[in-house]
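Thanks for coming. I will put the structure up first and then go through a few of its local features.

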Amino acid sequence: MNYSISRGCWLAMLLLCAFVSPMAKRKVMADKALSTITYSAKHPLHKWDGVSHDVNCAIIYNDETKQPENIAASIKVASFDSDNNNRDSHAMEVLEGIKYPNVTFVSSDIKPGENGILTAKGTLTFHGVAKPATLTAMRKDAGGKMTLTGEFPVNMSDHNIERPSLMGLKTDDAMTLRFNIVFAL
């Protein structure tokens, strides 16, 4: 009796293996030690950058096509450092960082192009306002890692953010977000 049950189990496992293909898609998390998101802003009197090393980003990677199929990123507003504590505190106040703690991007479509270019359409949510966004990234593969780099503009007014001011002069409405995100494949 045990012999026929054992034989039946082996037969069932062989049939299952014959008809089920291996998983081609997997979730890959960004390497926080190597990844950054940077914003650049301008005021009539100066320019500055704020950098976050706390990049929470994941992709769904297809091992058969060797392409990312989806991406989701979330960065805490409080994680940006501009090398000026007063400016960073004021940014938290202006951006209402307690009420809207994260900036997120979630893709709905990623298309590979020529020369390592990827185009990701999705939704950027900033200051509680979700807007369609298209990001273009340069992909480089080396040493078992995939690095995605790129930049895109963000207007504060599009996200209902009142522009900060210094000495009666407001910052530019447009900021630039740059990303350098590294994934171990």
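I begin with a histidine: His-127 sits in the loop between strand S7, residues 117-126, and strand S8, residues 129-142. Before I go further, note that this is a predicted model.

Is His-127 buried or exposed? His-127 has a relative accessible area of 8% and is under the 20% cut-off, so it counts as buried.

Which backbone oxygens does its side chain find? One belongs to His-159, and it lies 3.0 Å from a polar atom of the His-127 side chain. The other belongs to Asn-160, at 3.4 Å from a polar atom of that side chain. With neighbours within four places in sequence left aside, the contacts of His-127 are Val-94, Leu-95, Glu-96, Tyr-100, His-159, Asn-160 and Ile-161.

That list brings in the second histidine. His-159 is placed in the loop between S9 and strand S10, the latter being residues 165-166. His-159 also counts as buried, at 3% relative accessibility. Its side chain reaches a backbone oxygen as well, that of Phe-126, at 3.3 Å. So much for polar contacts; for contacts in general, and not counting residues up to four places away in sequence, His-159 touches Leu-124, Phe-126, His-127, Val-129, Lys-131 and Val-154.

Now the chain as a whole. There are 2 helices and 12 strands. In sequence order the pattern reads α-β-β-β-β-β-α-β-β-β-β-β-β-β. The chain has 185 residues, and 33% of them count as buried. Taking contacts with a separation of 6 or more, 56% are between residues 24 or more positions apart.

Next, aromatic rings. How many aromatic pairs does a search of the whole structure find? The search gives 2. One of them is Tyr-39 with Phe-80, in an edge-to-face arrangement, with 5.5 Å from centre to centre and 70 degrees between the planes. Tyr-39 belongs to strand S2, residues 36-43, while Phe-80 is in the loop between strand S5, 67-76, and helix H2, 85-94, so this pair ties together parts that are 41 residues apart in sequence. Both Tyr-39 and Phe-80 are buried.

Phe-152 and Phe-179 also form an aromatic pair, this one tilted, with centres 6.4 Å apart and planes at 50 degrees. Here too distant parts of the chain are linked: Phe-152 is in strand S9, residues 145-155, and Phe-179 is in strand S12, residues 174-184, which puts them 27 residues apart. Phe-152 is buried, with a relative accessible area of 11%. For Phe-179 the value is also 11%, and Phe-179 is buried as well.

Last, the largest pocket. Its volume is about 930 Å³. Which residues are the closest to its centre? They are Tyr-39, Phe-80, Phe-126, Met-175 and Leu-177, out of 46 that line the pocket. Two of those names have come up already as an aromatic pair, Tyr-39 and Phe-80. Phe-126 has come up too, since its backbone oxygen is the one reached by the side chain of His-159.

What makes up the lining? By element, H2 gives the largest share, 7 residues. By residue class, the lining divides into 34 nonpolar, 9 polar and 3 charged residues.

That is the end of my list.

Definitions and conventions. Residues are numbered from 1 along each chain as its sequence is written. This is a predicted model: local features need pLDDT of at least 70, side-chain atom pairs count only at pLDDT 80 or more; totals for chains, interfaces and linings use all residues. Side-chain values use heavy atoms; hydrogens and water are left out. Rings of Phe, Tyr and Trp (its six-membered ring) pair if their centres lie within 6.5 Å; planes under 30 degrees apart count as stacked, over 60 as edge-to-face and the rest as tilted. Helices (H or I, at least four residues) and strands (E, at least two) are DSSP runs, numbered from the N terminus. Buried means under 20% relative accessible area, exposed over 50%, partly exposed in between (1.4 Å probe, protein chains only). On a 1 Å grid over the protein atoms alone, a cavity is a set of points where a 1.4 Å probe fits but cannot get out, and a pocket is an open set with protein on both sides within 12 Å along at least five of seven lines; lining residues have an atom within 4 Å of a point. Grid points are joined across faces, edges and corners, and a volume is the space filled by probe spheres set on the points. Ala, Val, Leu, Ile, Met, Phe, Trp, Tyr, Cys and Pro count as nonpolar, Asp, Glu, Lys and Arg as charged, and the others, Gly among them, as polar. A polar contact is a pair of N or O atoms within 3.5 Å; within protein, one must be able to donate a hydrogen and the other to accept it, and residues adjacent in sequence count only if both atoms are side-chain atoms. Contact means heavy atoms within 4.5 Å.
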